[in-house]
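Visitor: Please choose one part of this model and examine it closely. I should like to know what surrounds it and how that part is connected with the rest of the chain.

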Amino acid sequence: MESVALGEDYRLTQPRIKKLNDLQLSVRNEIIKNDKPEDYESVPCICGNGADYLVLSEVERHGLPYHKIICRQCGLLRVSPRWKEVKYNLFYQHYYRDLYNPVTGS
């Protein structure tokens, strides 16, 4: 059973986004535009608990979807759902550097 334990700053509707330059905004918006439900997979807890967790965050600092949860049985933190391997590979090959360590832009 999911419970939500996050503040407004960590919800998708009110992302706590760090100040982004034009390049970062463009990259972030492209990632979000191309994001699809089939790009995600659920990750079960290693303790076997699948449904009893608290949601800690729905977004990461750039405003990308990032569901950080904590298991209520064992306390393990994990991201679920998370991108599938193919999507992570695409992100790190084409977007990561410009989003997290931009060298151009305003």
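**The loop at Asp35 and its surroundings**

Guide: Leaving aside its neighbours within four places in sequence, Asp35 is in contact (heavy atoms within 4.5 Å) with Tyr40, Pro65, Trp83 and Lys87. The model is predicted, so local features need pLDDT of at least 70 and side-chain atom pairs count only at pLDDT 80 or more, whereas totals for chains, interfaces and linings use all residues. Residues are numbered from 1 along each chain as its sequence is written, and side-chain values use heavy atoms, with hydrogens and water left out.

Asp35 belongs to the loop between helix 1 (22-34) and strand 2 (40-41); helices (H or I, at least four residues) and strands (E, at least two) are DSSP runs numbered from the N terminus. A polar contact of 3.1 Å links the side chain of Asp35 to the side chain of Trp83. Such a contact is a pair of N or O atoms within 3.5 Å; within protein, one must be able to donate a hydrogen and the other to accept it, and residues adjacent in sequence count only if both atoms are side-chain atoms.

Each of the four contacts of Asp35 can serve as a starting point, and Pro65 leads to the strands. Pro65 in strand 4 is the bridge partner of Val59. Strand 3 (residues 53-59) and strand 4 (residues 65-71) run antiparallel and are joined by five bridges, where pairing requires that DSSP find at least two bridges between two strands. Elsewhere in this pair, Leu54 stands opposite Ile70. The two strands form a hairpin with five residues between them, and Gly63 in its turn has a positive phi of about 95 degrees. Strand 3 is mostly covered, with six of its seven residues buried; buried means under 20% relative accessible area, exposed over 50%, and partly exposed in between (1.4 Å probe, protein chains only).

Strand 4 also pairs with strand 5 (residues 77-79), again in the antiparallel sense, over three bridges. Ile69 faces Arg78 in strand 5. This hairpin likewise has five residues between its strands, and Gly75 in the turn has a positive phi of about 85 degrees.

Beyond strand 5 comes the loop that leads to strand 6 (82-83), and Ser80 lies in that loop. Pro81 is found there as well, and the peptide bond from Ser80 to Pro81 is cis, with omega near 0 degrees. Ser80 is buried, with a relative accessible area of 10%. A polar atom of the side chain of Ser80 lies 2.8 Å from the backbone nitrogen of Val43. Apart from neighbours within four places in sequence, Ser80 is in contact with Ser42, Val43, His67 and Ile69.

Trp83, the polar partner of Asp35, leads to the open space in the model. On a 1 Å grid over the protein atoms alone, a cavity is a set of points where a 1.4 Å probe fits but cannot get out, and a pocket is an open set with protein on both sides within 12 Å along at least five of seven lines; lining residues have an atom within 4 Å of a point. Grid points are joined across faces, edges and corners, and a volume is the space filled by probe spheres set on the points. The largest pocket holds about 230 Å³ of space. Among the 14 residues lining this pocket, Glu60, Tyr66, Trp83, Tyr88 and Tyr100 are the closest to its centre. Strand 4, strand 6, helix 2 and helix 3 (96-100) each give two or more residues to the lining, and helix 2 supplies the largest share, three residues.

Lys87, another contact of Asp35, leads to enclosed space: Lys87 lines the largest cavity together with Ile31, Leu90, Phe91 and Tyr95. That cavity has a volume of about 30 Å³, and the count comes to one cavity of 30 Å³ or more. Helix 2 (residues 85-94) gives three residues, the largest share, to the cavity lining.

For the wider setting, the chain has three helices and six strands, in the order β-α-β-β-β-β-β-α-α along the sequence. Of its 106 residues, 33% count as buried.
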